[in-house]
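Got the viewer open? Load the model, switch on a cartoon view, and follow along one selection at a time.

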Amino acid sequence: MGIIVNEGAQKKNLVYGAVFADIVRNVYDLSSIITEKMIIDKYQVSKSPVREALQELCNDGILESIPRLGYRVRPVSIKEMIDATNFRIIIEVAALERSMPTMTDEKIKKLEDIYVGEKTIESTKDPYIHWDMNTKFHLLLCSYSDNIFFTNTLKTLMRSCFRGVNYYFEQSFIHDLKREDSKMHASLLAALKKRDFEESRRIIIADIEDFKSDFVSNAIN
């Protein structure tokens, strides 16, 4: 029996991803009003998957519905960002602890493949591409815990943390600075190869703390 593909769900996911990418790229900011018609015209899809995608973005806390107007990017407080990144540390460290006993060279190789991809986009000035690669790295490592609740929770947290992406990359794009993401991931890969849990744990925490402190300092300034 063949696999049944739900075309409506597929279209909804495509619209969700496209709108989310545009939000990360700041195509839509806090002053933008996003309407169903706008998205239907832009992506040439029917009303149902567009409505479902926008509703899911609301459910994920990324958009909020404005009655009789449409949708807008939901404002977020510094506290919410701090809470999200602190929760990331809890989840990722717990997942790492569960992963280490079954960490294999093959699993590390899959992480290295993403790292190689990160190196190839270092000069790309697109915050979504950088964030997408970073998210894939962290989600793959988390998935090695073999705990779907860790992975799904981290996926939600990474979506919440996208709000700091423009703060995080803006100055590096303007001044042609190199972010520390790939360096952190290189160090983490080296620690994983040695099966050094404490060093891996330290690097993960430092990586997330760097993102948090950069967001907070830029948001305040």
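Start with helix H6: its 17 residues, at 1.5 Å a residue, should span 24 Å, and the C-alpha atoms at its two ends are indeed 24 Å apart, so expectation and model agree. Keep in mind as you go that this is a predicted model.

Now show the side chains of H6. Twelve of the 17 residues are buried, so the helix is largely enclosed by the rest of the structure. To see them, select Pro-127, Tyr-128, His-130, Trp-131, Met-133, Asn-134, Thr-135, Phe-137, His-138, Leu-139, Leu-141 and Cys-142. Then zoom in on the start of H6, where Asp-126 has a side-chain oxygen within 2.9 Å of the backbone nitrogen of Tyr-128.

Slide off the other end of the helix next. The loop between H6 (127–143) and helix H7 (148–161) holds Asp-146. Check its backbone: phi of Asp-146 is near 60°, a positive value in a residue that isn't glycine. Is Asp-146 buried or exposed? With a relative accessible area of 70%, Asp-146 is exposed, since the cut-off for that is over 50%.

There's another loop to visit, between helix H9 (181–193) and helix H10 (197–220), and Arg-195 is the residue to click there. Arg-195 also isn't a glycine, yet its phi is positive, at about 55°. Its relative accessibility is 33%, so Arg-195 counts as partly exposed.

Time to look inside. Nonpolar side chains tend to be buried together in soluble globular proteins. Here, the largest nonpolar core has 38 residues, and Phe-20, Ile-23, Leu-57, Leu-63 and Phe-162 are the ones with the most contacts inside it. Colour the contributors: helix H1 (7–24), helix H3 (47–59), strand S2 (70–73), helix H4 (78–99), H6, H7 and H10 each supply at least two residues of this core. Which element gives the largest share? That's H1, with seven residues. Then pick out Ile-89, Met-100, Ile-203 and Ile-208, which are among the 21 residues of a second, separate core.

Last stop: the strands. Select S1 (residues 63–66) together with S2, and you'll find an antiparallel pair joined by four bridges. For one of the bridge pairs, click Glu-64 in S1 and its partner Arg-72 in S2. The two strands make a hairpin with three residues between them. Finish on the turn, where Arg-68 has a positive phi of about 65°.

Definitions and conventions. Residues numbered from 1 in each chain as written. Predicted model: local features only at pLDDT ≥ 70, side-chain atom pairs only at ≥ 80, totals over all residues. Heavy atoms only, no water. Buried < 20%, exposed > 50% of the residue type's maximum accessible area, 1.4 Å probe, protein only. Core = buried A, V, L, I, M, F, W, Y, C linked by side-chain atoms within 4.5 Å. Expected span 1.5 Å × (residues − 1). Polar contact = N/O pair within 3.5 Å; in protein donor to acceptor, adjacent residues only side chain to side chain. Pairing = 2+ DSSP bridges.
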